[in-house]
Amino acid sequence: MSKYKDTIYALSTPTGRSAIAVIRISGDQSLKTLKKISSIKAIIPNKTKLTLLKFEKHIIDQVLVVFFKKPHSFTGEEMVEINCHGSTAIITKISQILEFLGIRLAEPGEFSRRSLMNDKLDLLQTEGLADLINSETEKQRSMAISGLSGKLSKFVNEINMKLRLMLANTEALIDFSDEDLPKNILIKILEQNKNIIKIIKKEISSSEISKPIREGFLVSLIGKPNTGKSSFINYISKKEVSIVTNIPGTTTDTVTSTIDISGYKFTFIDTAGLRKHKNKIEEIGIKKTKDIILRSNLNLVFLEKNEMSKYVEIKDKFFIRSKLDKKRVINIEKNILNISSVTGEGVKLLLKKIKRKLIKKQKNEPILSRERHLNIMKMVLFELKSIKTKDSLDIIAFKVREALRISLEINQKFDIEDVLDIIFKDFCIGK
Ligand SMILES: Nc1nc2c(ncn2[C@@H]2O[C@H](COP(=O)(O)OP(=O)(O)OP(=O)(O)O)[C@@H](O)[C@H]2O)c(=O)[nH]1
Ligand SMILES: [Mg+2]
């Protein structure tokens, strides 16, 4: 039984002119509404049907409709999908008619929220779905699909099962007096604990590296004025994102550009560089550069001459010398990569080196893809690690119960409205 009473609708395709647009309706009034605005009397579920949409004797559009009978729909409710022509006028008209008939515009992520509440998806799959919709690169897509396909739910369920078993074993021993306590069973419980700690630790460490996959790696461009930073960002972005002139100090603010390197997201940041400032604008720009250096996964230091010693304090860096097209490099300098943002020479190799430096080799796809999952698992780990051999059985049982309570939160859908609000904030209207 759906806990939602009102019927909702939303445009599920992007706004703007397109060949086709899809409007979805979900709730008990879906089919009745479709019948009111078309000549459809009966419809076979899951089969497309061509019909004319009409309202007050006016034809609105010729459309394809599909009806999904509850609970066999995405939301678990009765659903109708209208595939209309993608003009703003048609979409506006259909929306007005639906509102007139008492159908409400859905909030962002409301379809998925209903799906979650009606047990069509679990919380982890819902997050996977949001990540999938928002994925920009191949890696983000494959990580999201593993959440959606239930890999993460499986991992969490296994942990919970192990914790329940450990708790049951501990509680069974509580009634024994100290003398009668079978020693080997207590050892077994502590071994179980060790084993769960090992599994969680392994997953946390392989998943920690997934953060930049989701959010992208930050690569800053720094160095003296006129060394070719902005020309480089423009070259790799294949468009003019940053102004280039031969006047030193052209770039005063930060300019970012996101590019996809072999399925991974990289955000390059062009900066004002590091130099002595002449005015307030430059001073702010240089301060911003310093903050960015600290946040970056890698800094590309563009060189003028041989001022490498000025950058010793910067940890993760590559030295770059641009304008290779202007002067042939005779003596290949160690640790300096030569590139040209005019001919593109050396750029491919540089991007390859950046990728090799930042992307750690992974045997398995990370499972705990979100900060929320990682934090919960870290808290579970903290509880389990606090269990000591000298602890009484009551204390052990208390700590395991606490670990289980925390672990269950990862896939719990009730009483955590605030978590749900954060998750659904990432969704677009119509999903
Ligand atoms: N021939 C050649 N000229 C380049 C290359 N890269 C940059 N330039 C020129 O060098 C000058 C400075 O380039 P920018 O890319 O603006 O340098 P920048 O480091 O961003 O300079 P600021 O913003 O002032 O810090 C411009 O005249 C560019 O056309 C290159 O690879 N080859
Ligand atoms: Mg510049």
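Four bridges join strand β10 to strand β11, and the two run parallel; this pairing is one part of an open sheet of six strands, described below for a model that is predicted. The protein chain is divided into domain 1 (8-121), domain 2 (127-209 + 368-412) and domain 3 (214-358). The points that follow take up the sheet, a hairpin, the nonpolar cores and the site of a magnesium ion.

**The six-stranded sheet**

- The strands follow the order β8-β9-β7-β10-β11-β12, and their pairing is mixed.
- At the edges stand β8 and β12 (336-338), each of which has a single partner strand, so one side of each is left without a neighbour in the sheet.
- From one strand to the next the twist averages 30 degrees.
- Helix α10 (residues 280-295) packs on this sheet, where it touches β7 (217-223), β9 (264-270) and β10 (298-302), and the direction of α10 makes about 140 degrees with that of β7.

**Strand β11 and its partners**

- Between β10 and β11, Phe-302 has Ile-320 of β11 as its bridge partner.
- Strand β11 (residues 317-321) also pairs with β12, in the parallel sense and over three bridges.
- In that second pairing Phe-319 stands opposite Ile-336 of β12, while Arg-321 stands opposite Asn-338 of β12.
- Because four of its five residues are buried, β11 is largely enclosed by the rest of the structure.

**The β3-β4 hairpin**

- Strand β3 (residues 49-55) and strand β4 (residues 58-68) pair in the antiparallel sense, with seven bridges between them.
- Within this pairing, Leu-53 stands opposite Asp-61 of β4.
- The two strands form a hairpin with two residues between them, and in the turn Glu-56 has a positive phi of about 45 degrees.

**Nonpolar cores**

- In soluble globular proteins, nonpolar side chains tend to be buried together.
- The largest nonpolar core holds 33 residues, of which Leu-163, Ile-200, Met-377, Val-380 and Leu-384 touch the most other members.
- Helices α6 (151-174), α7 (183-208), α12 (371-385) and α13 (393-408) each supply at least two residues of this core, and α6 gives the most, with eight residues.
- Leaving aside residues up to four places away in sequence, Met-377 touches Phe-155, Val-156, Ile-200, Ile-204, Leu-368, Ser-407 and Ile-410.
- A second, separate core is made up of 26 residues, among them Ile-213, Phe-266, Leu-337 and Leu-351.

**The magnesium site**

- The protein donors of the magnesium ion (ligand 2) are Ser-230, through OG, and Thr-251, through OG1, and they lie 2.0 to 2.1 Å from the ion.
- This pair links distant parts of the chain, since Ser-230 belongs to helix α9 (residues 229-237) whereas Thr-251 lies in the loop between α9 and β8 (255-261), 21 residues apart.
- Ser-230 counts as buried because its relative accessibility is 8%, under the 20% cut-off.
- Thr-251 is likewise buried, with a relative accessible area of 13%.

**Domain spacing**

- The centres of domain 1 and domain 2, taken over C-alpha atoms, are separated by 42 Å.

Notes. Residues numbered from 1 in each chain as written. Chains lettered and ligands numbered in written order. Predicted model: local features only at pLDDT ≥ 70, side-chain atom pairs only at ≥ 80, totals over all residues. Heavy atoms only, no water. Donors = N, O, S within 2.8 Å, 3.2 Å for Na, K, Ca; no water. Buried < 20%, exposed > 50% of the residue type's maximum accessible area, 1.4 Å probe, protein only. Pairing = 2+ DSSP bridges. Core = buried A, V, L, I, M, F, W, Y, C linked by side-chain atoms within 4.5 Å. Contact = heavy atoms within 4.5 Å. Axes fitted to C-alpha atoms, helices over the stretch in contact; angles between N-to-C directions. Domains from an automatic or database assignment.
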